[in-house]
Amino acid sequence: MVTAIVIPIICLYFFWVTKKERKEQNRKWLKAGDVRQESVVTGEIIDSTEEKQRFYYDRYVLVQSIKLQSSNRVITALKTTPLTPDAKKDTFTIGETVRLYGSWEKSHFLFTNWEIEKR
């Protein structure tokens with residue numbers, strides 16, 4: 001008699017916890033590409049790579065990594081985009097001079113907005 005009451009309650013509790021966690025992870029996934037625009041970096045693109053990474057179960061992000069040659073050093077910049085059905089991928093051409101807007105995290109520069117620098 002007790003198991004007929006307790007087991008469904010336990011199942012409903014774990015269903016509720018899982019649904020709550022999934023909702024939170026979905027919110028974090030959609031904000032994965034948002035970066036504070038605190039600083040600006042300018043340089044010439046010397047390398048560009050992109051990689052699809054798992055964020056949470058069936059949620060993926062596209063991480064585009066570019067290496068910039070600035071006036072005095074090489075900077076690694078990362079752009080993270082949640083892979084939604086309407087997500088657009090940016091294309092970076094080697095040799096272009098770009099200006100990136102974002103913030104520093106350890107030794108990497110995270111950015112969201114960028115523009116081609118006119119010569």
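This is a guided tour of one predicted model, moving from the whole chain to single residues.

**The whole chain**

Start with the full chain in a cartoon view, coloured by secondary structure, where 1 helix and 5 strands can be picked out. Followed along the sequence, these elements come in the order α-β-β-β-β-β. The radius of gyration is 21 Å, well over the 14 Å that the globule rule gives for 119 residues, so the chain is more spread out than a compact globule. Aligning the view with the principal axes shows the C-alpha atoms filling a box of roughly 80 × 25 × 15 Å.

With a surface switched on, the accessible area of the chain comes to about 8700 Å², and carbon and sulfur atoms contribute 55% of that area. Buried residues make up 27% of the 119 residues. Among the contacts with a separation of 6 or more, 54% are between residues 24 or more positions apart.

**The N-terminal end and its nonpolar patch**

Next select Met1, which sits in the segment before helix H1 (2-30). Met1 has a relative accessibility of 79% and therefore counts as exposed, the cut-off for that class being over 50%. Extend the selection to Val2, Ile5, Val6, Ile9, Ile10, Tyr13, Phe14 and Trp16, which together with Met1 make a nonpolar surface patch of about 1000 Å².

**Three salt bridges**

Now turn to the charged side chains, which are best shown as sticks. Side chains of opposite charge can pair when their charged atoms come close. Across the whole structure, a search finds 6 salt bridges, and three stops are made here.

The first selection is Arg22 with Asp58, whose side chains meet in a salt bridge at 3.1 Å, N to O. This pair links distant parts of the chain, with Arg22 in helix H1 and Asp58 in the loop between strand S1 (39-56) and strand S2 (59-69), 36 residues apart. Arg22 is partly exposed, with a relative accessible area of 34%, and Asp58 is partly exposed as well, at 44%.

The next selection is Lys89 with Glu50, where the salt bridge is 3.1 Å, N to O. Because Lys89 lies in the loop between strand S3 (74-82) and strand S4 (97-105) while Glu50 lies in strand S1, the pair ties together parts that are 39 residues apart in sequence. Lys89 counts as partly exposed at 49% relative accessible area, and Glu50 counts as partly exposed at 43%.

For the third stop, select Arg99 and Glu117, whose side chains form a salt bridge at 3.2 Å, N to O. Here strand S4, which holds Arg99, is linked to the segment after S5, which holds Glu117, the two residues being 18 residues apart. The relative accessibility is 27% for Arg99, which counts as partly exposed, and 24% for Glu117, which is also partly exposed.

**Val98 in strand S4**

Stay in strand S4 and select Val98. At 0% relative accessibility, Val98 counts as buried. Showing every residue that touches Val98, apart from those up to four places away in sequence, brings up Val41, Thr42, Gly43, Ile45, Leu68, Trp114, Glu115, Ile116 and Glu117. One of these, Glu115, is 17 residues from Val98 in sequence, while their C-alpha atoms are 5.7 Å apart in space.

**Leu78 in strand S3**

Move to strand S3 and select Leu78. With a relative accessible area of 19%, Leu78 is buried, because that class takes in values under 20%. Leaving aside neighbours within four places in sequence, Leu78 is in contact with Val63, Gln64 and Ser65, and also with His108, Phe109, Leu110 and Phe111. A distance label drawn from Leu78 to Phe111, C-alpha to C-alpha, reads 6.3 Å for a pair that is 33 residues apart in sequence.

**Thr112 in strand S5**

Finish with Thr112, which belongs to strand S5 (residues 108-116). Thr112 counts as buried at 17% relative accessibility. Its side chain makes a polar contact with the side chain of Gln37 at 3.4 Å. Beyond four places in sequence, the residues in contact with Thr112 are Gly33, Asp34, Val35, Gln37, Lys79 and Tyr101.

How values were computed: Residues numbered from 1 in each chain as written. Predicted model: local features only at pLDDT ≥ 70, side-chain atom pairs only at ≥ 80, totals over all residues. Heavy atoms only, no water. Patch = residues over 30% accessible without salt bridge, like charges linked within 9 Å, V, L, I, M, F, W, Y side chains within 5 Å. Areas by Shrake-Rupley, 256 points an atom, 1.4 Å probe, with all protein chains shown as cover. Salt bridge = Lys/Arg side-chain N within 4 Å of Asp/Glu carboxyl O. Helix = DSSP H or I, 4+ residues; strand = E, 2+ residues; numbered from the N terminus. Buried < 20%, exposed > 50% of the residue type's maximum accessible area, 1.4 Å probe, protein only. Rg over C-alpha atoms; globule rule 2.2 N^0.38 Å. Contact = heavy atoms within 4.5 Å. Polar contact = N/O pair within 3.5 Å; in protein donor to acceptor, adjacent residues only side chain to side chain.
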